[in-house]
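Biologist: I'd like to learn how to read a structure like this one, feature by feature. Could you walk me through it?

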Amino acid sequence: MNKELRTPDFIFESSWEVCNKVGGIYTVLSTRAKTLQEKFQDRIIFIGPDCWTETESPYFREEKSLFAEWQWEAKEQGLAVRVGRWTIPGEPIAVLVDFKPFFEQKNDIYAWAWEKYGVDSLHAYGDYDEASMFSWAAGKVVESLYLWLSDKSSEYRDVSFGASKVKSLNAQRSTLNAVYHANEWMCGLGALYINNVLPQVGTIFTTHATSIGRSIAGNQKPLYDYLFAYNGDQMAMELNMQSKHSIEKQTAHHVDCFTTVSDITANECVELLDKPVDVVLPNGFDDSFVPKSSAFERKRKLARRRMLEVANALMGEELKDEETLIVSTSGRYEFRNKGIDVFIEAMNRLLRERELAKQVLAFIVVPGWVGEPRKDLFERLEMKNEKSDSSHPSSPPPPLEVPMITHWLHNMGHDNVLNMMKFYDMHNRHEDHVKVVFLPCYLDGNDGILNLTYYDVVLGNDLCIYPSYYEPWGYTPLEAVAFRVPCITTDLAGFGLWANKEIGRQGEIEDGVKVIHRTDYNYSEVADYIKDTVALYSRMTKKETDNCRKKAAALSKRALWKEFIKYYYEAYDIALGKAEKRV
């Protein structure tokens, strides 16, 4: 029997990545926003950090008329906020808060968290203070805005949402039905604050990856075989993660609804946080980001041409589109967790693969410690553009110095990607049939060399490869298949497990997604699987690759937000139900 779910009048959601594109959570929130905005029409309000002091955020448009009266009240309460629109599909309301003034109260805030919830901030370092002050400020914003909206409840409660109206299980209640959704440990403190001062508001906490699980994996320790034996508190002490682990664990235990993004991370939560999740919220995608029909093919051709131009200028080559298989890996610069190491290993082995039918151009698209775009590469690209106007063909120039990287780094001698390539003597020589190019910057279309957005680069690939060791969900493979690019991933990624479930067996490249079985110890085997799959794909006919692309796109349709949003409605219902009982 289907029960009627409680529906919030307002949803407040906070994240460090609201209007702040620094990681994967930005993609989660920005692609989901349109689906929620269609249902709740400006009753979904995002709270993010106002860290744009020297330049304006390219993802935020201020609108002083939005909640204008409340903005004055907030100012009187000592809250420095800007209200506007997040410039993404759906354009939801966003509130950016300046959290820096709260540093003066830091010790009092940490004392409050210890006394009320046992949160240990004593061992804080790095980004813990900054995140905590933002989290506290976000909680204060939600408290202030919720109370103001409650005063205006007669104006807001019975407004039409398109074809339907706000439904309440208690039409006579005097307060607004609201939930506060905090993302990651970085927003945990604010969730605890709301839990304490506004018991009538349902609280939801999503850990997109446990801080201690990520740390165990990143420190070369076997995570999966020994997960049952790890004690989260003990490992936090060993890895100097006490404060982040503490806020994450206490938030998980005290909110009304604790969630994560995949079954594989749900297991981590039980073992490392001693708390099972209430519901799993898998990450979907919004296909409005994908160009349609003729625009798709045009953008794909332009992206491939530019990627080949940059690679050819860097290496002094003449790689041609129809003779080259373009592959890539991308994501956060977590060398082991994201499988960047095994990607390089596979490309090195592919150098000696006799059954490779095409040249392979492999890009590593991972933001590093970027210094500046290479002037020598920029000048060569400019010179090539000038010569392209000439009718006289010219032979390619010699390769540039360090023909593996597009932008200079601050830490050239200590970079993991460059050092592993140097160790394997991978220098993109003319005779090498596999050439690897490191793109170490955020691709916003203005990097100074490639000047393509990340999605354009994905679009230009033949095959994307994400051999993750630690990947709670895996947006990169989902984005790839949404752009009709077949991909390789592993069953240690939440997306890989989901793909296997949808396909009904272990995915093969012919299904659009090749899912490799990965363990704590089969690194070498994974590298061979990648090598063999790339070689196989290079030998496929156009008809066969077109079929792979169609299968990839079809699979991505099953992961659209319209398919996954129901789990969020379940989470809202759980949180509202517990808040209802509490008050």
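Modeller: Let's start with one residue: N451 has a relative accessible area of 36%, so it counts as partly exposed. On that scale, buried is under 20%, exposed is over 50% and partly exposed is in between, using a 1.4 Å probe and protein chains only. Before we go on, this is a predicted model, where local features need pLDDT of at least 70, side-chain atom pairs count only at pLDDT 80 or more, and totals for chains, interfaces and linings use all residues. Residues are numbered from 1 along each chain as its sequence is written, and side-chain values use heavy atoms, with hydrogens and water left out.

Biologist: Where does N451 sit, and what is its phi?

Modeller: Most residues other than glycine have a negative phi. N451 is not a glycine, yet its phi is positive, about 55°. You'll find N451 in the loop between β16 (434-439) and α15 (454-460). Those labels come from DSSP runs numbered from the N terminus: helices are H or I over at least four residues, strands are E over at least two. V402 is another non-glycine residue with a positive phi, near 50°. V402 belongs to the loop between α13 (375-388) and β15 (407-409), and at 24% relative accessibility it is partly exposed.

Biologist: And L377, is it buried or exposed?

Modeller: Buried, with a relative accessible area of 0%. L377 is part of helix α13. Skipping residues up to four places away in sequence, L377 touches V310, A313, L314, L400, T406 and I449; contact here means heavy atoms within 4.5 Å. For a sense of distance, L377 and L227 are 150 residues apart along the chain, with 47 Å between their C-alpha atoms.

Biologist: Can we do the same with a strand residue? What does C464 touch?

Modeller: Again leaving out residues up to four places away in sequence, C464 touches S328, A480, V485, P486, C487 and I488. C464 is in strand β17 (residues 463-465) and counts as buried, because its relative accessibility is 0%. Its C-alpha atom lies 20 Å from that of L560, 96 residues away along the chain.

Biologist: Which residue shows the exposed end of the scale?

Modeller: Try D151, which counts as exposed at 66% relative accessibility. D151 lies in helix α4 (residues 128-151). From D151 to L176 is 25 residues in sequence and 9.4 Å in space, C-alpha to C-alpha.

Biologist: Now helix packing. At what angle do α3 and α4 pack?

Modeller: You fit axes to C-alpha atoms, for helices over the stretch in contact, and take the angle between N-to-C directions, from 0 to 180 degrees. Under 35 degrees is roughly parallel, over 145 roughly antiparallel, 65 to 115 roughly perpendicular, and the rest oblique. Helix α3 (residues 106-117) and α4 come out at about 75°, with axes 11 Å apart, so α3 is roughly perpendicular to α4. K106, I109, Y110 and W112 of α3 make the contact with Y128, D129, S132, M133 and W136 of α4. By class, that contact has six nonpolar, one polar and two charged residues. Ala, Val, Leu, Ile, Met, Phe, Trp, Tyr, Cys and Pro count as nonpolar, Asp, Glu, Lys and Arg as charged, and the others, Gly among them, as polar.

Biologist: How do α1 and α20 pack?

Modeller: Helix α1 (residues 24-40) and helix α20 (residues 561-582) pack at about 75°, their axes 11 Å apart. They are therefore roughly perpendicular to each other. On the α1 side the contact residues are V28, T31, R32, T35, L36, K39 and F40; α20 brings W561, I565, Y568, Y569 and Y572. Sorted by class, this contact has eight nonpolar, two polar and two charged residues.

Biologist: Which residues have the most contacts inside the largest nonpolar core?

Modeller: W86 and F363, in a core of 83 residues. A nonpolar core is a set of buried Ala, Val, Leu, Ile, Met, Phe, Trp, Tyr and Cys residues joined through side-chain atoms within 4.5 Å. Beyond its neighbours within four places in sequence, F363 contacts M307, A311, I326, V327, S328, T329, F343, V437 and L439. Apart from that core lies another, of 59 residues, including F12, Y180, Y193 and I247.

Biologist: Finally, how many helices and strands are there in the protein?

Modeller: There are 20 helices and 19 strands. Buried residues make up 59% of the 583 residues. Among contacts between residues at least 6 apart in sequence, 74% join residues at least 24 apart.
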